[in-house]
Amino acid sequence: MTQAQHSSAAASAASGGQPLLQVDDLHVFFPVRRGPVLRRKTVTLKAVDGVSFEVRQGETFSIVGESGCGKTTTARAILKVETPTSGSIHWQGKNLEHIDEQETKAYRSAVQAVFQDPYSSMNPRLRIGNFIAEPLLLNSSIGRRERRERAQAALEQVGLRPADIDNFPHEFSGGQRQRVAIARALASAPRLIVLDEPVSSLDVSIRAQIMNLLKSLQEAQGFSYLFIAHHLGTVRYMSQMVGVMYLGRMMELSQSEELFANPLHPYTRALFSAALPDHPDIERKDVMLQNDVAAATDIPSGCRLHTRCPFAKPVCTAVEPEWKKVGSNHWTACHLY
Amino acid sequence: MALLEVEDLRTQLHSRRGINKAVNGVSFKLDTGKSLGLVGESGSGKSMTALSILRLVPQPYARIAGGAIRFEGHDLLEKSDREMRQIRGGSIAIILQDPMTSLNPVFSIGYQIAESVRIHQRLTGRAQLAKVIESLRRVRVPAPEIRVRDYPHQFSGGMRQRVAGAIAIACRPKLLIADEATTALDATIQAQYLDLLRTLQRELDLAFLFITHDFGIVAKMCDDVAVMYAGRIVEYAEVREIFNRPAHPYTLALLEAVPKLDARVDRLYAIPGAPSSGYAEQPGCPFAPRCALAIQQCHVAKPPLTVVKAGHSAECWRAQEVYATDIALQAGADASAGRRSGTPEAGA
């Protein structure tokens, strides 16, 4: 059985929720040219190398992992910015590869995104009203006036004044800009919002404001979030389900509280050990990894963590571990279990 | 005598908008072999304090308007530019956030480490190379004899930051300033790097000044903590004191605003508003407009420096009260969540 069949069947049974988005055995590869000019070769960079999970209605699914693990590429494939090399993404039961233009438009307004640095996605010469209402242009039945009204309503939902609609991006602080980016996502009444490191560039006191806002909006309107982050405390605060990625693959996937209480995979445990302590008396030294991350163009044989894992056995270098169910809502791929 | 003693430091930034009192009367001491964390949000003046120590404040906007910075007993503010050049990279070194911007892409890293050895210790030839390789070995770069000829792009992010560390320690500084030095690194690489810094501190008897926004770094690395807000140190204490019994509402708020790894909270405390700028000076406490515990007095008069316990002080009208009671800012939150009292378990 594949990773997806395992996780989706059991996970839906456990919560009773319907999967809104289902990712099955997703692969996203990029060709990269390497080497000296005359002997240049094309190698394959495996950014996402067989990832499966699902996001259910009203729930936050988080992906954690270090830079280069493929979490952002996964998100970009879901946003239809990147084309999967293989595997599928289903939205409410429909394969995204096979939907027509009309359905694609509907999908693009139902799935919105908020990124780390909102300023880089704003045109400094456009008033933020235009920025917020831009996704609404997809829907030709919404007129100019309604776009403006919706933008104002969205601004109010994120705690800004409707009158701010005519201001320019530079007139806002970092935290306010992130609110504006969230308002843009809200304007088209989405079902799923992809949040890619939405708070990591913000000041500590502003982070809590934005996270609380995101939580309140979810409780009030039932959005699903795909939350991508590297800060584990933030992930614990935001999510119901968490997937841990390493070098393009899911290492462990679990209900959030279960994962934090009982992390199994050595990589997850290493991430937890590396996390900065909440208090000076906390010292985490459970699992320390050796070396640096291997290159995504040259993924190690067997378990891709074996070059860094302190528990690596001979079998780890030869055989890719199977995806196993280890708890009612908990899966991992490791030869130790 | 303290290794570094900053007294009533004032650094101002002049612009068309007026004068920004970025550092507005900062005082602290740092002993040899100890670590001090300067924590604050952007604009709090923490980086400007560090840059003032090295006289690297942005010219011509910034001006050190007053105070004293005594290093080994000598006031750095009275040194000539030439003397400061000897001190920078010599007995005081700095590691910045992004090594890719501080390393020159067209020179080998060996050449760049050698630069400081050449200038400060006047070593040449084989002695110079030996010194360079020794520094690389100290920061645990594998195969330093070979890597010394490599260029910055041939190193990973974590290794590049180690190279920056090698440059910093090459001339055996007494004080190392780390300005958000690990912020750009991945979690596992950051942990390795911080462990390395601790080892170096022990081996070389270094004093550390950590400039950070992250209480996690403080918890892991520092002996003492100074919390900065609007150009001033609003609270100063030994690290466990800060976490167990903060005396300033701003510290309390920051600690409650960070989601914990070890406990699930339902709602974080969010400090309302945004950090105040150093341009407009209010009559009262600069934090008062955002403070959940502010009283009338806070808005009209500058709070005094209150010593709540030997070595623990806060600039707040209600410092004694905040220190003495277990206040939770977030309604419904457990007052002790995130803070721990009683006997701490021994570190494994």
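A residue is counted as buried if 20 or more other C-beta atoms lie within 10 Å of its own. By this criterion, helix α7 of chain B is mostly covered, since 12 of its 13 residues are buried. The structure described here is a predicted model, and the results below concern its two chains, A and B, and the contact between them.

The buried part of α7(B) consists of B:G158, B:M159, B:R160, B:Q161, B:R162, B:V163, B:A164, B:G165, B:A166, B:I167, B:A168 and B:I169. The cover over these residues is provided by several elements of chain B, including the strands β6 (92-95) and β7 (175-179). Helices also contribute to this cover, among them α3 (99-102), α4 (109-121), α5 (125-138) and α8 (187-204) of chain B. The length of α7(B), which comprises residues 157-169, was compared with the value expected for a helix. At 1.5 Å a residue, its 13 residues should span 18 Å, and the end C-alpha atoms are 19 Å apart, which agrees.

Chain B as a whole contains 13 helices and 12 strands. Its radius of gyration is 21 Å, close to the 20 Å that the globule rule gives for 348 residues, so chain B is as compact as a globular protein of that length. Along the principal axes, the C-alpha trace of chain B spans about 70 × 45 × 40 Å. Of the 348 residues in this chain, 48% count as buried. Among contacts in chain B with a separation of 6 or more, 65% are accounted for by residues 24 or more positions apart. The domain assignment of chain B gives domain 1 (100-172) and domain 2 (248-324). The C-alpha centres of these two domains lie 43 Å apart.

A contrast to the covered helix α7(B) is offered by B:P60, which is exposed. This proline is placed in the loop between α1 (46-53) and β4 (62-71) of chain B. Only residues with 12 or fewer other C-beta atoms within 10 Å are classed as exposed. B:P60 has 7 such atoms within 10 Å and therefore belongs to the exposed class. Between B:P60 and B:F287 there are 227 positions in sequence, and the C-alpha atoms of the two residues are 29 Å apart in space.

Chain A has 11 helices and 12 strands. The radius of gyration of chain A is 21 Å, close to the 20 Å given by the globule rule for 337 residues, so this chain is as compact as a globular protein of that length. The C-alpha atoms of chain A fill a box of roughly 65 × 55 × 50 Å, taken along the principal axes. Buried residues make up 50% of the 337 residues in the chain. Of the contacts in chain A with a separation of 6 or more, 64% involve residues 24 or more positions apart. The mean pLDDT of chain A is 89, and 95% of its residues reach 70 or more. Over residues 1-15, however, the pLDDT is below 50; beyond near neighbours in sequence, this stretch has 28 contacts in the model.

Two helices of chain A were examined individually. Helix α5(A), residues 144-157, has 14 residues and reaches 20 Å from its first C-alpha to its last, close to the 20 Å expected at 1.5 Å a residue. Its buried residues are A:R147, A:R150, A:A151, A:Q152, A:A154 and A:L155, and they pack against α4 (128-133) and α6 of chain A. After α5(A) comes A:G159, with a positive phi near 85°. Helix α6(A), residues 174-187, has 14 residues and reaches 20 Å between its first and last C-alpha atoms, close to the 20 Å expected. Helix α6(A) is mostly covered, with 13 of its 14 residues buried. It is followed by A:A189, whose phi is positive, near 45°.

The two chains touch each other, with 34 residues of chain A in contact with 41 residues of chain B. On the side of chain A that touches chain B, the elements giving two or more residues are α7 (204-221), α8 (232-238) and α10 (266-274) of chain A. Of these, α7(A) gives the most, with 8 residues. By class, this side of chain A has 14 nonpolar, 10 polar and 10 charged residues.

Note on methods:
Residues numbered from 1 in each chain as written. Chains lettered and ligands numbered in written order. Predicted model: local features only at pLDDT ≥ 70, side-chain atom pairs only at ≥ 80, totals over all residues. Helix = DSSP H or I, 4+ residues; strand = E, 2+ residues; numbered from the N terminus. Expected span 1.5 Å × (residues − 1). Contact = placed C-beta atoms within 7 Å. Rg over C-alpha atoms; globule rule 2.2 N^0.38 Å. Nonpolar A, V, L, I, M, F, W, Y, C, P; charged D, E, K, R; others polar. Domains from an automatic or database assignment. pLDDT = per-residue confidence, 0-100.
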